[in-house]
Amino acid sequence: MPDIWFYHLEKTPLPQVLPDLLEKVVQKGWRAYVHGHEDDKIDVLNGQLWTYNPASFLAHGLESEGSANRQSVLLGTSGGMANSPQVYVSVAPVDLPDVSGMERCLIVFEGADDDHLAWARMQWKRMKSEGLDLAYWKQNTQGRWEKMQ
């Protein structure tokens, strides 16, 4: 089973956090699939990935476009993971696909969204009861990630 890491966003919104997380994935030589549940949210994230840092470029694409299987970072709503990723990133309360063959599963949820928060808590409880190894990351007052014990 992969490392399963929960990221609780309290200080910084998802469009600002996601590029940093995905850069770390790509630096490891891994591919990522970012799974949302609404096309408009995926479009916002896609736009942010194009503009977040003028000094760098993070190759990515939408699963609705051609060559989805060649993307190092693929954003979509189907859960199909056409790019054969090593990392699955959930950014919405969606049904999780089988991630057993992955290196890592990231569940990123915004604390201000009650539905998303409740869903993330349900996933944590379910996975913990299955004996999976989980990690919980929370932003500190400076917005940096701290692994909670």
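**View 1. Surroundings of L22 in the nonpolar core.** Leaving aside neighbours within four places in sequence, L22 is in contact (heavy atoms within 4.5 Å) with A32, V34, L49, L58, V73 and V89. A second core lies apart from that of L22 and has 20 residues, among them Y88, L117, L132 and L134. A nonpolar core is a set of buried Ala, Val, Leu, Ile, Met, Phe, Trp, Tyr and Cys residues joined through side-chain atoms within 4.5 Å. The largest such core has 27 residues, of which L18, L22, V34, L75, V89, V91 and V108 touch the most other members. Helix α1 gives the most to this largest core, with 6 residues. The model is predicted: local features need pLDDT of at least 70 and side-chain atom pairs count only at pLDDT 80 or more, while totals for chains, interfaces and linings use all residues. Residues are numbered from 1 along each chain as its sequence is written, and side-chain values use heavy atoms, with hydrogens and water left out.

**View 2. Helix α1 and the residue after it.** Helices (H or I, at least four residues) and strands (E, at least two) are DSSP runs, numbered from the N terminus. The 14 residues of α1 (residues 14–27) should span 20 Å at 1.5 Å a residue (1.5 Å times one less than the number of residues), and the end C-alpha atoms are 20 Å apart, which agrees. L14, V17, L18, P19, L21, L22 and V25 of α1 are buried, that is, under 20% relative accessible area with a 1.4 Å probe, protein chains only. G29 follows α1 and has a positive phi, near 85°.

**View 3. The open sheet and its helices.** The 8 strands have the order β3-β4-β2-β5-β6-β1-β7-β8, with mixed pairing; two strands pair if DSSP finds at least two bridges between them. The edge strands, each pairing on one side only, are β3 (61–62) and β8 (145–148). β3 pairs with β4 (residues 73–76) in the parallel sense over 2 bridges, and L62 stands opposite L75 in β4. Helix α3 packs on the sheet, touching β1 (3–9), β5 (87–90), β6 and β7 (134–139), and its direction makes about 145° with that of β6. Axes are lines fitted to C-alpha atoms, for helices over the stretch in contact, and angles run from 0 to 180 degrees between N-to-C directions.

**View 4. Q123 in helix α3.** Q123 lies in α3 (residues 114–129) and counts as buried because its relative accessibility is 7%. The Q123 side chain makes a polar contact with the side chain of R126 (2.9 Å); such a contact is a pair of N or O atoms within 3.5 Å and, within protein, one must be able to donate a hydrogen and the other to accept it, residues adjacent in sequence counting only if both atoms are side-chain atoms. Beyond neighbours within four places in sequence, Q123 is in contact with F6 and L96.

Methods:
Buried < 20%, exposed > 50% of the residue type's maximum accessible area, 1.4 Å probe, protein only.
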